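Got the viewer open and a cartoon drawn? Let's walk through this one stop at a time, picking a selection at each stop and looking around.

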Amino acid sequence: DVSGKGVPASLLMAFLRASLRAAIRTGYAPNVGMAKVNVLLWETIEPHQFVTAFYGMLDATNRTLAFVNAGHNPPLILDRADAARFIERGGLPLGFFKDTRYYEYYLPIESGQILLLYTDGATEAQSPSGEEYGRDRLTAAVRNCRDRSAREMIDFIYNDIFDWSGGRGATDDVTFIVIKAL
């Protein structure tokens, strides 16, 4: 998720994607790749710009997610018993400081779990009275649609935010990634 809107934000996102892909293809570990991308951004962007990013590698065989979180919203995990928790691990957004270190974390993925990645446009969407959608409503929406396919879950959550906002939708971009461990 990039700071700002319009063409400058789009260009920054394109730069981030290209830089991260180059780091991945070079074979850097996720935390090293993120640190290298951070330096490139720090050297390139304006002082008021930054990027939050979540970079994960899912190992389906070993049922593990290795990830680095650079200031992005904490992922939501919903387990088989409907217990929810946010994974509050990570570092600073990209581009703030040249020498920021990023750490790689490992998350075991168990059967029946749902992992939701999202941008802040989802949780910051406002009702007509100005109340934010927030994490609790996001968690409730995921619980309410957990038996649907990942694609249908995304549609359900989008629609819930749209209804919550009185039909206005979010004022910032809303992106979801759903991973269901079957």
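Start by selecting Gly71 and showing what surrounds it. Setting aside residues within four places in sequence, Gly71 is in contact with Thr52, Gly91, Leu92 and Pro93. Keep in mind as you look that this is a predicted model. Gly71 sits in the loop between β2 and β3, and with 33% relative accessibility it counts as partly exposed. Now add Met13 to the selection and draw a C-alpha to C-alpha distance: Gly71 and Met13 are 58 residues apart in sequence and 15 Å apart in space.

Met13 also leads to the next stop, since it is one of the residues touched by Asp1. Select Asp1, which you'll find in the segment before α1 (6-26). Is Asp1 buried or exposed? It is buried, with a relative accessible area of 15%, which puts it below the 20% cut-off for that label. Not counting residues up to four places away in sequence, Asp1 touches Met13, Phe50, Val51, Thr52, His72, Thr119, Asp120, Asp172 and Asp173. Thr52 should look familiar, as it is among the contacts of Gly71 too.

Next, the sheet. Select 53-59, 64-70 and 105-108, and colour each stretch separately; these are β1, β2 and β5. Together they make an open sheet of three strands in the order β1-β2-β5, with antiparallel pairing. The edge strands are β1 and β5, each pairing on one side only. Look along the sheet and you can follow its twist, which averages 25 degrees from one strand to the next.

Which strand pairs are held by how many bridges? β1 and β2 run antiparallel and are joined by seven bridges, while β2 and β5 pair in the antiparallel sense over four bridges. For one example on each side, pick Gly56, whose bridge partner in β2 is Phe67, and then Ala66, whose bridge partner in β5 is Tyr106. While β2 is selected, switch on the surface: six of its seven residues are buried, so β2 is largely enclosed by the rest of the structure.

Now follow the chain from β1 into β2. The two strands form a hairpin with four residues between them. Select Arg63, in the loop between β1 and β2, and check its backbone. Arg63 has a positive phi of about 55 degrees although it is not a glycine. Most residues other than glycine have a negative phi. At 33% relative accessibility, Arg63 counts as partly exposed.

There's another positive phi to look at. Jump to Asp82, in the loop between β3 and β4 (84-86). Its phi is near 75 degrees, again in a residue other than glycine. Asp82 is partly exposed, with a relative accessible area of 28%.

Time to go inside. Select Leu116, Leu138, Val142, Ile157, Ile161 and Phe176 and show them as spheres. These are the residues with the most contacts inside the largest nonpolar core, which has 20 residues. Which elements give two or more residues to this core? They are β3 (76-78), β6 (114-118), α4 (134-145), α5 (150-164) and β7 (176-180). Zoom in on Leu138: leaving aside neighbours within four places in sequence, Leu138 is in contact with Leu116, Tyr118, Thr123, Tyr133, Ile157 and Phe176. Then pull back and select Val2, Val37, Ala70 and Tyr102, which are among the 17 residues of a second, separate core.

For the last stop, return to α4 and α5 and hide the rest. Two packed helices are described by the angle between their axes and the distance between the axes. Here, α4 and α5 pack at an angle of about 135 degrees, with their axes 9 Å apart. The two helices are therefore oblique to each other, and α4 passes α5 in a right-handed crossing. Show side chains to see where they meet: Arg137, Leu138, Ala141, Val142, Asn144 and Cys145 from α4 come up against Met153, Phe156, Ile157, Asp160 and Trp164 from α5. Leu138 and Ile157, which you met in the core, turn up again here.

Key
Residues numbered from 1 in each chain as written. Predicted model: local features only at pLDDT ≥ 70, side-chain atom pairs only at ≥ 80, totals over all residues. Heavy atoms only, no water. Pairing = 2+ DSSP bridges. Axes fitted to C-alpha atoms, helices over the stretch in contact; angles between N-to-C directions. Core = buried A, V, L, I, M, F, W, Y, C linked by side-chain atoms within 4.5 Å. Buried < 20%, exposed > 50% of the residue type's maximum accessible area, 1.4 Å probe, protein only. Contact = heavy atoms within 4.5 Å. Parallel < 35°, antiparallel > 145°, perpendicular 65-115°, else oblique. Left-handed = near helix turned anticlockwise from the far one by under 90°.
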